[in-house]
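Reader: I've got a model open and would like to talk it through with you. Can we go over it piece by piece?

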Amino acid sequence: MTFTLPPLDFRSDTVTRPDDTMRAAMASAEVGDNVLDHDPTIAELEERAAHVLGMPSALWVPSGTMANLVALSLHLRRGDRFLATRGAHVLANELGSAAWLAGGMPEPVEHDGGPGRPSPDGLAAAIGRPAPYFPLRTSLLCLENTHNAAGGAVTPPDEHAQLLSVAKEAGLTVHLDGARIWHAAVALEVPPAALTVGVDSVSACFSKGLGAPVGSVVAGSAAFVQEARRMRQMLGGGVRQGGILAAACLVALDRVPELAESHENARRLAEGLREYGWPASEPDTNIVLAEVPDSLAAQTWLDSLGIRSVAVSGRVRFVTHRDLSAADIEEALRRLKTGA
Ligand SMILES: *Cc1c(COP(=O)(O)O)cnc(C)c1O
């Protein structure tokens, strides 16, 4: 398709390109062989990430998908039942690797506590009681904050704590998919570590809205990370002079507070969409879901205006990020309202 207008890309916050500052940091990064022994820039990132996430230790991995897979592979035995919120990335967007590779049997939990989270009672009911004779083993709960499919919804620390207490009471291990934990922390005005309290592991991405081209971490206890390092190697995620990539992640980490601007832009976009007549819920963070009668047709029409979006389960999804300015939001709304 050819655009007469420059395209505004709202498909995802992964479309950002590393800017000159980030590229300069990558170019001058100190590196070593991180598979053989040590890469100083990867080590620095892992240390800083562990600290901000409030975890004892962290491991750099190429993607959020690998971060989740490493965690699930270590937490699950083959045949274990695990719980995750309906529509969670580990259920819907990782091609079944939680079952195929990590051996888990997925069970979706409803969002009866609010968007993106179960209620403590709903969670307790989903965990259930051990059946007589040969009980199924339910061993893991996966939470997601922010929750992508629920429109970037945040789970506040008090609700997180209640869910943790139900899970721990039942003897479950808890993994938090915190691909956008930075967004949740900024929206809630709490440190990221306030959102990981009690979890056994957490994953977080630097390539979502923060501008890094590659890179995530998975964090947990020192013993967990030691095993995670072996698992990463098994999955082909050991990279040699990875400091080049970790340097971008370090710059990204410094930019977490700037996410507030993307959140403000998302609110403005949602407001404009509602003025236009598309019911869009008030975003907690940087994802706006608009209800339309035919989401595929809407996406095609938006494409013709140079507004790139994604049709997801009957809605159109817009994601704001650092490569879209406040002026870009106004321009998108202008195109929508004038149809040109
Ligand atoms: C994007 C995303 C992931 C996976 O990250 P990739 O780096 O794209 O593999 C995991 N969980 C959530 C909630 C995500 O949004």
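Reader: Let's start with Glu189. Which loop does Glu189 lie in?
Author: Keep in mind that this is a predicted model. Glu189 has a phi near 55°, a positive value in a residue other than glycine. As for its place, Glu189 sits in the loop between helix H8 (181–188) and S7.

Reader: Is Glu189 buried or exposed?
Author: The cut-off for exposed is over 50% relative accessible area. Glu189 has 74%, so it counts as exposed.

Reader: What about Tyr133, with its positive phi of about 65°: is Tyr133 buried or exposed?
Author: Tyr133 isn't a glycine either, yet its phi is positive. Its place is in the loop between helix H6 (120–127) and S5. With a relative accessible area of 79%, Tyr133 is exposed.

Reader: Which peptide bond is cis, with omega near 0°?
Author: Look at Thr146, in the loop between strand S5 (138–144) and helix H7 (157–169). The cis bond leads into that residue, running from Asn145 to Thr146.

Reader: On to the annotations. Which residue does UniProt list for "modified residue: N6-(pyridoxal phosphate)lysine"?
Author: The UniProt entry is unreviewed, so take this as what the record says, bearing in mind that annotations may be inferred rather than shown by experiment. The residue to find is in the loop between strand S7 (201–205) and strand S8 (216–220). The record lists Lys208.

Reader: Is Lys208 buried or exposed, and what is its relative accessible area?
Author: Leaving aside neighbours within four places in sequence, Lys208 is in contact with Asp13, Thr14, Ala179, Arg180 and His183. Buried means under 20% relative accessible area. Lys208 is therefore buried, at 13%.

Reader: UniProt also has "domain: Aromatic amino acid beta-eliminating lyase/threonine aldolase". How far apart are the end C-alpha atoms of residues 9–292?
Author: That annotation, again from an unreviewed entry, covers residues 9–292. The span is 40% helix and 15% strand. Its end C-alpha atoms lie 19 Å apart.

Reader: How about the domain assignment: what distance separates the centres of domain 1 and domain 2?
Author: The assignment gives domain 1 (20–254) and domain 2 (258–338). Taken over C-alpha atoms, their centres are separated by 27 Å.

Reader: Which three residues supply 35% of the area that domain 1 buries against domain 2?
Author: The two domains bury about 1,100 Å² between them, with 61% of it on carbon and sulfur atoms. On the domain 1 side, one trio supplies more of the buried area than any other three residues. Those are Gly151, His183 and Gly209.

Reader: How many salt bridges does the rule find across the interface of domain 1 and domain 2?
Author: In contact terms, 17 residues of domain 1 meet twelve residues of domain 2. Three residue pairs are in polar contact across the interface. For salt bridges, the number is zero.

Reader: And in the whole structure, how many salt bridges are there?
Author: One of them joins the side chains of Arg11 and Asp9, at 2.6 Å from N to O. Arg11 is partly exposed at 29%, while Asp9 is buried at 16%. The structure holds 21.

Reader: Which residue forms a salt bridge with Asp80 at 3.5 Å between the closest N and O atoms?
Author: Asp80 is buried, at 0% relative accessibility, and its side chain also meets that of Arg77 in a salt bridge at 3.3 Å. The partner you're after is in the loop between H6 and S5, 57 residues away from Asp80, so the pair links distant parts of the chain. At 46% relative accessible area, that partner counts as partly exposed. It's Arg137.

Reader: Which residues do salt bridges with shared partners join into one network?
Author: Here the bridges connect through the partners they share, making one network. The members are Asp19, Arg255, Glu258 and Arg322.

Reader: Last one: how far apart are the C-alpha atoms of Thr300 and Val310?
Author: Thr300 is in helix H12 (residues 295–304) and counts as partly exposed at 49%. Val310 is ten residues apart from Thr300 along the chain. Their C-alpha atoms are separated by 9.5 Å.

Key:
Residues are numbered from 1 along each chain as its sequence is written. This is a predicted model: local features need pLDDT of at least 70, side-chain atom pairs count only at pLDDT 80 or more; totals for chains, interfaces and linings use all residues. Side-chain values use heavy atoms; hydrogens and water are left out. Helices (H or I, at least four residues) and strands (E, at least two) are DSSP runs, numbered from the N terminus. Buried means under 20% relative accessible area, exposed over 50%, partly exposed in between (1.4 Å probe, protein chains only). Contact means heavy atoms within 4.5 Å. Domain bounds come from an automatic or database domain assignment. Buried area is the accessible area (1.4 Å probe) that two parts lose on being put together, summed over both. A salt bridge is a side-chain nitrogen of Lys or Arg within 4 Å of a carboxyl oxygen of Asp or Glu. A polar contact is a pair of N or O atoms within 3.5 Å; within protein, one must be able to donate a hydrogen and the other to accept it, and residues adjacent in sequence count only if both atoms are side-chain atoms.
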